[in-house]
2 protein chains.
Amino acid sequence: MTAAKANTPMFSRIALIGIGLIGSSISHACRRANLAREIVGSSATAATRQKALDLGLISEAFDNAADAVAGADLVILCAPVGAYAAIAAAIGPHLTPGAIVTDVGSVKAAVVRDVGPHIPAGVHFIPGHPIAGTEQSGPEAGFAELYDNRWCILTPAADADPAATAKLKLFWERLGSQVEIMDAVHHDLVLAITSHVPHLIAFNIVNTAAHLERVTDSEVIKFSAGGFRDFTRIAASDPVMWRDVFLNNKDAVLEMLGRFSEDLTVLQRAIRFGDGDVLQRMFTDARSIRRSIIQAGQDTAAPDFGRSRPADPPSPAKR
Amino acid sequence: MTAAKANTPMFSRIALIGIGLIGSSISHACRRANLAREIVGSSATAATRQKALDLGLISEAFDNAADAVAGADLVILCAPVGAYAAIAAAIGPHLTPGAIVTDVGSVKAAVVRDVGPHIPAGVHFIPGHPIAGTEQSGPEAGFAELYDNRWCILTPAADADPAATAKLKLFWERLGSQVEIMDAVHHDLVLAITSHVPHLIAFNIVNTAAHLERVTDSEVIKFSAGGFRDFTRIAASDPVMWRDVFLNNKDAVLEMLGRFSEDLTVLQRAIRFGDGDVLQRMFTDARSIRRSIIQAGQDTAAPDFGRSRPADPPSPAKR
């Protein structure tokens, strides 16, 4: 009996609302760990639905979220957060009593605000955010290992059902992640500095470089290996998703951006007045956090993220 | 005779002044392509000299640059640019007539200013800058493929000997690079936006994150996969080298930093007033430069620089 129980999937029917990089990776990882008897999904885009079916990510595709959630015991919102309010209003009346509703959005207080009021009594709403991704988008971008060894943050309300939170925590652990429970407002502050402001300054420097009069785009591209190319990877992330992040985490982003600009002014002044001691001290301090991130398993220790490895890509032919 | 000539190394004796990531990679790549009959080097640090000998990077190690350049037909300065003036003064009297002196510094106008006056008549001074590197330092960090398919910029003076420039260009091509000839002042402007300002804002955000009261260092580290970790790689680069870059490219860096801050203010205002159209347009524009960089062979097309690949690193055991 114990063995039989261990082979029973955690959820009977998982509904993915939106099937991009994050949703498709959840599907891959669910199947790797046998977490769902069936996975269905919805997308407003016909091509996405067809692609998701072709890739075997979902067994049924719906063009609207309300139909997709019928009978689901786990509903995961995987759309840009700006679409959540409308999705929540649409699915609310169709949710199954006892179901868990969660999401993967990069902001959490706005999700509580937009989704919470539409969740009926008897359904468990537990916002979530896996800290994982790549710069690619769409159902074909997903892979089973995306969440391995990454953190997933859950932000249950104070009165959330502990059993539902525990079940969702176990689900993410079986997807490969470690789970942290956190207040939604604190999540938004933490992510403002670890994700949102880094993306904003990456988007920004790419735009600055593209609009110079004295340096051509061709030069920027050719000599990007000096550091700039790292920023372009982040700046290639989904524009709509990121627009919605900034529109929905305004206060925390503006606070962290204020700190960033203040600190940058100190460096700018040190450059202007040739204060090498200030520069060297700040640059030396910055090294230690890198070591901690590698020790914590959150990045590779390989130089240049491993992309310089001799075998990958192959050395070009000599000219 | 032709075949025999093809097997003759380009240079009889190459002197590397400084043997860190860049110098050691030159040694590896020289041996791969048989470009030097012998390679010698100098370092003020005994441990570096011993390491360079142990690794076979050089056949003779000197504790001062003046001794190292004797008899060399190619001298490459591979030290932080702040040390160049003293090195040039020391080696000037010991250079061999007809020799080429070059360097690998990330700034060029200051190098012309600091080194040029010490180069005697009959010696060819041609500043250079390979646009390649990793965040690691020291003689053990080098590898033969570092320069493959990267660009190397040479900034010969208007009256430089064309034959010497052509020979140095061929040398870098045989190290694996493509070569661009450019004016020193223009180089400094191009690199300010493609390398110097990106490094400065990476150093800066890492320091901002380290000095917050409401977000702990532990949280920054755990949730760094949201984007922040990319910046820590760049910010792990050598502090002394980067101090010298900013002290020696002040005007161009301040100009580009001014543009960056101006553009960031536009984004900040769009966030404050909830102007999603401005955000989405700027984020969409930023995607196209990434595509161009990949098409130009200056970065990998693999998602997340390839570091998310299933096979590398291995998936951790399930918890």
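**A walk from the sheet to the interface**

Let's start with one residue pair: Ile100(A) sits opposite His124(A), the latter in strand S6 of chain A. Keep in mind as you follow along that this is a predicted model. The pair belongs to the stretch where strand S5 of chain A, residues 100–103, meets S6(A): the two run parallel and are joined by 2 bridges.

Zoom out from there and you get an open sheet of 6 strands in chain A, with parallel pairing and the order S3-S2-S1-S4-S5-S6. So where does this sheet stop? Its edges are strand S3 (60–62) and strand S6 (124–125) of chain A, each of which pairs on one side only. Our opening residue His124(A), then, is in S6(A), one of those edge strands.

Chain A has another set of paired strands to look at. Strand S7 of chain A (residues 128–130) and S8(A) pair in the antiparallel sense, with 3 bridges between them. One contact point here is Pro130(A), whose bridge partner in S8(A) is Cys152(A). On to the next pairing: strand S8 (residues 151–154) and strand S9 (residues 178–181) of chain A run parallel and are held by 4 bridges. To get from S8(A) to S9(A), the chain passes through helix H7 of chain A (residues 162–174), and this β-α-β crossover is right-handed. If you want to trace the pairing residue by residue, Trp151(A) has Gln178(A) as its bridge partner in S9(A), while Leu154(A) is matched with Ile181(A).

How do the residues of S8(A) point? In a regular strand the side chains alternate between the two faces of the sheet. S8(A) shows two groups: Trp151(A) and Ile153(A) point one way, Cys152(A) and Leu154(A) the other way, and all are buried. Cys152(A), the bridge partner of Pro130(A), is therefore one of the buried residues here, since the threshold is 20 or more other C-beta atoms within 10 Å.

The loop between S7 and S8 of chain A holds a backbone oddity worth a click: this is where Asn149(A) is placed. Asn149(A) has a phi near 65°, which is a positive value in a residue other than glycine. Is this residue buried, exposed or partly exposed? Asn149(A) has 18 other C-beta atoms within 10 Å, so this residue comes out as partly exposed.

Now hop over to chain B and helix H2, residues 21–33. H2(B) has 13 residues and reaches 18 Å from its first C-alpha to its last, close to the 18 Å expected at 1.5 Å a residue. Among the buried residues of H2(B) are Leu21(B), Ile22(B), Ile26(B), Ala29(B) and Cys30(B). An α-helix has 3.6 residues a turn, so residues three or four places apart point the same way. As for what covers the buried residues of H2(B), the list includes strand S1 (11–17), strand S2 (36–42), helix H3 (46–54), strand S4 (74–77) and strand S7 (128–130) of chain B. Just after this helix, Asn34(B) takes a positive phi of about 55°.

A further positive phi turns up in the segment after H13 of chain B, where Phe305(B) is found. Its phi is near 60°, again in a residue other than glycine. Phe305(B) counts as buried because 23 C-beta neighbours lie inside 10 Å.

That leaves the way the chains meet. In all, 103 residues of chain B are in contact with 103 residues of chain A. On the chain B side, the elements that give two or more residues are helices H8 (184–210), H9 (217–222), H10 (228–234), H11 (239–247), H12 (250–272) and H13 (276–295). H8(B) gives the most, with 19 residues. By class, this side of chain B has 54 nonpolar, 24 polar and 25 charged residues.

How are the two copies related? A turn of 180° with a shift of 0.0 Å along the axis lays chain B on chain A with an RMSD of 0.0 Å, which means the relation is that of a two-fold axis. The same surface serves both copies, with 99% of the contact residues of chain B recurring in chain A.

For a close-up, pick Ile201(B), which lies in helix H8 of chain B. Leaving aside residues up to four places away in sequence, Ile201(B) touches Ile201(A), Ile205(A) and Leu264(A). Ile201(B) counts as buried because 29 C-beta neighbours lie inside 10 Å. Within its own chain, Ile201(B) is 56 residues from Leu257(B) in sequence, while their C-alpha atoms are 9.2 Å apart in space.

Notes: Residues are numbered from 1 along each chain as its sequence is written. Chains are lettered from A and ligands numbered from 1 in the order in which they are written. This is a predicted model: local features need pLDDT of at least 70, side-chain atom pairs count only at pLDDT 80 or more; totals for chains, interfaces and linings use all residues. Two residues are in contact if their C-beta atoms, placed from the backbone, lie within 7 Å. Ala, Val, Leu, Ile, Met, Phe, Trp, Tyr, Cys and Pro count as nonpolar, Asp, Glu, Lys and Arg as charged, and the others, Gly among them, as polar. Copies are superposed by least squares on the C-alpha atoms of residues with pLDDT of at least 70 in both. A residue is buried if 20 or more other C-beta atoms lie within 10 Å of its own, exposed if 12 or fewer, and partly exposed in between; C-beta atoms are placed from the backbone. Two strands pair if DSSP finds at least two bridges between them. The expected span of a helix is 1.5 Å times one less than its number of residues. A crossover is right-handed if, with the strands pointing away from the viewer, the path from the first strand over the helix to the second runs clockwise.
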